[in-house]
Amino acid sequence: MTDGVLKVAIVGCGNISRRHAEAYASTGRTELVGTADIHEEKARTLADRFGGRPYGSLTELLAAEEPDLISIATPPESHGELAAEALAADRSVLLEKPPVLSLEELDHVAKVEAASAGSASVVFQHRHGSGAIRAHDLLARGALGRPLVAVCETLWFRPVSYFDPEWRGTWIGEGGGPTLGHGIHQIDLLLHLLGPWKSIDATAVRLDRPVEFEDVSMASVVFESGAVATVINSLLSPRELSRIRIDTAGGTLEVNHVYGYSDKDWTFHPAPDAAKAATLGLDPGVRKAESAEAGVAADPWAASAGADVPSNHEAQIGHLVDDLLAGRPHDTSLASTRPTMEFVTALYASAITGTRVRRTDLTPDHRFYGMLHGGFGKDEIVEAFRP
């Protein structure tokens, strides 16, 4: 980096790469020095629009350029290998979601990162919108009351044609269905807000799409705090919705959006006061005591309002560029997102084996540590995901 400008590169020049390029450009503090794709015409198209020179591979790019940060925006199967190569060259990386396809792969990248002058970050931009920042702060301080019950929904729609690219719909190419590739954003935000999870009981089914894995999954989750949640991920839902609802002792916090939120998508409804609670058939003494114990103000959510920052790539990449230029670690790190990959791993393990999975179970000798299908055969997976 020179004169407060971060040199960046992008590897994988498909649709999502443009979001990275636009986000870097929006900071005014980066220079795109290179793009790379096995289909070099894609790299050239991106470079023509945003700058830099096109290359046919990360190896070629690293031989010619010296980027400070490299976005890995290829299909998921190559994330781990490319991240390790860039980190071994002492470059920082930003991994598109899902960061890798297994806990084993994640731990390998972390090992390479530990020996590197660079760092690894993961794209979970929903942590970086102003709504999530406020919610995380208020929940962490107990200002909204003790979390009790939560709902996390990623109800999206992908037509059969979505799976036309040969890598989609396969364990090798995508690594998993909506649990890994789509719902992971909402799952990560839920865990970011509620903290460590303890156990998962899950079901996954393939109802309609031509895939090797699920197109719908559902899970019942217990958190270490004692809070409980349900999580559902779907690619069969025509009216798309992304939602997290958290009911606390002090009220209901909720965000409703599809692919990204702004402050208007968040609401907080304080718990009813003693008089109103009595009309709902609740014990007002209990409600009053719980609210007092939690220290909940009349409307702490409204009191915390500030500038509206949507949860897009610009929000996270702006933070990341600031962090790298200042020489400080970025908080959406490989380590901080490991619980999310553990959650996804446990959901598949529970759904396929029909058993409860605890977070503490996921050691390197666990059957699902190295692959999200646990090494089960095709026929066994088909049977496990049969409705």
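Which residues have the most contacts inside the largest nonpolar core? To find out, select Leu190, Trp197, Val221, Phe223, Trp266 and Phe343, which hold that place in a core of 83 residues. Keep in mind as you look around that this is a predicted model.

Next, colour helix 13, residues 338-353. This helix gives the core its largest share, nine residues.

Now move to a second core, which lies apart from that one. It has 17 residues, and you can pick it up by selecting Val8, Ala23, Ala43 and Leu320, which are among them.

For the next stop, show helix 1 (residues 15-27) together with helix 2 (residues 40-50). Two packed helices are described by the angle between their axes and the distance between the axes. Here the angle is about 25 degrees and the axes are 11 Å apart. Angles under 35 degrees count as roughly parallel, so helix 1 and helix 2 are roughly parallel to each other. Their crossing is right-handed.

Which residues meet where these two helices pack? Turn on side chains for Ser17, Arg18, Ala21 and Glu22 in helix 1, and you will find them meeting Leu46, Arg49 and Phe50 of helix 2.

Finally, a look at cysteines. Are Cys13 and Cys152 buried or exposed? Buried means under 20% relative accessible area. Cys13 has 6% relative accessibility, so it counts as buried. Cys152, at 1%, counts as buried too. If you go looking for disulfides, a search of the whole structure finds zero.

Conventions
Residues numbered from 1 in each chain as written. Predicted model: local features only at pLDDT ≥ 70, side-chain atom pairs only at ≥ 80, totals over all residues. Heavy atoms only, no water. Core = buried A, V, L, I, M, F, W, Y, C linked by side-chain atoms within 4.5 Å. Buried < 20%, exposed > 50% of the residue type's maximum accessible area, 1.4 Å probe, protein only. Helix = DSSP H or I, 4+ residues; strand = E, 2+ residues; numbered from the N terminus. Disulfide = S-S within 2.5 Å. Axes fitted to C-alpha atoms, helices over the stretch in contact; angles between N-to-C directions. Parallel < 35°, antiparallel > 145°, perpendicular 65-115°, else oblique. Left-handed = near helix turned anticlockwise from the far one by under 90°. Contact = heavy atoms within 4.5 Å.
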